[in-house]
Amino acid sequence: MRVRRLQRRDEDGVWFDDAYALEDARGQVVFHYNLTWERLGAEINRQLLAEVVPLDEMERVIPASDDLRWQEPELIEAPDLAEFLAALNEACAIPKARPVVQTLAA
């Protein structure tokens, strides 16, 4: 899979990983984001699905600015993918999915 990191500059001028886009073998790109992106992130994913934007062209969807920049795409091999994405999710503060608990009415 290919991954492209979106970095944000903090108030001290330090760049950090804020979100990322992941491209599967079919070329479908999905934007992975933290709660800061909330509704905008969902809209970006709708746009990526409708327009089929390649990973290399993510600037069309989220343009670079003084405080946002896209890194070059990285190719991550399958054996390393789960570990890599877990570390990236943590770096980007992306919340983990929680299991849904259902109770039966008595």
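1. In this predicted model, the side chains of Arg 5 and Asp 17 are joined by a polar contact of 2.7 Å. A second polar contact, also given as 2.7 Å, links the side chain of Arg 5 to that of Glu 74. The arginine therefore has an acidic partner on each of two contacts, if Asp and Glu are counted as negative and Arg as positive.

2. Arg 5 belongs to strand S1, which covers residues 2-9. Setting aside residues up to four places away in sequence, Arg 5 touches Asp 17, Ala 19 and Tyr 20, and further along the chain Arg 69, Trp 70, Gln 71, Glu 74, Phe 84 and Leu 88. Both polar partners, Asp 17 and Glu 74, appear among these neighbours.

3. S1 pairs with S2 in the antiparallel sense, over eight bridges. In this pairing Arg 8 stands opposite Phe 16 of S2. The hairpin formed by the two strands has five residues between them, and within the hairpin Gly 13 takes a positive phi near 85°.

4. S2 spans residues 15-23 and is also joined to S3, again antiparallel, by four bridges. Two of the opposed pairs can be named: Tyr 20 faces His 32 of S3, and Leu 22 has Val 30 as its bridge partner. Five residues lie between S2 and S3 in their hairpin, where Gly 27 has a positive phi near 90°.

5. How enclosed is S2 by the rest of the structure? Seven of its nine residues are buried, so the strand is largely enclosed. S2 has pairing partners in S1 and in S3.

6. Leu 22, a residue of S2, is buried: its relative accessible area is 10%, and the cut-off for a buried residue is under 20%. Beyond its neighbours within four places in sequence, Leu 22 is in contact with Met 1, Arg 2 and Val 3, with Gln 28, Val 29, Val 30 and His 32, and with Leu 55 and Leu 85. Asn 34 is twelve residues from Leu 22 along the chain, and the C-alpha atoms of the two are separated by 14 Å.

7. Which residues of S3 make up its covered face, and which its uncovered one? In this strand, residues 29-32, Val 29 and Phe 31 are on the covered face, while Val 30 and His 32 are on the uncovered face. In a regular strand, side chains alternate between the two faces of the sheet. The two residues of the uncovered face also take part in the pairing with S2, Val 30 opposite Leu 22 and His 32 opposite Tyr 20.

8. For the chain as a whole, there are five strands and two helices, in the order β-β-β-α-β-β-α from the N terminus. The C-alpha atoms fill a box of roughly 55 × 35 × 30 Å along the principal axes. Of the 106 residues, 33% count as buried. Among contacts with a separation of 6 or more, 52% are between residues 24 or more positions apart.

9. The accessible surface of the chain comes to about 7400 Å², with 53% of this area belonging to carbon and sulfur atoms. The chain carries 12 positive and 21 negative charges, and the mean positions of the two sets are 5 Å apart.

Technical notes:
Residues numbered from 1 in each chain as written. Predicted model: local features only at pLDDT ≥ 70, side-chain atom pairs only at ≥ 80, totals over all residues. Heavy atoms only, no water. Buried < 20%, exposed > 50% of the residue type's maximum accessible area, 1.4 Å probe, protein only. Contact = heavy atoms within 4.5 Å. Areas by Shrake-Rupley, 256 points an atom, 1.4 Å probe, with all protein chains shown as cover. Charge placed at Lys NZ, Arg CZ, Asp CG, Glu CD. Pairing = 2+ DSSP bridges. Polar contact = N/O pair within 3.5 Å; in protein donor to acceptor, adjacent residues only side chain to side chain.
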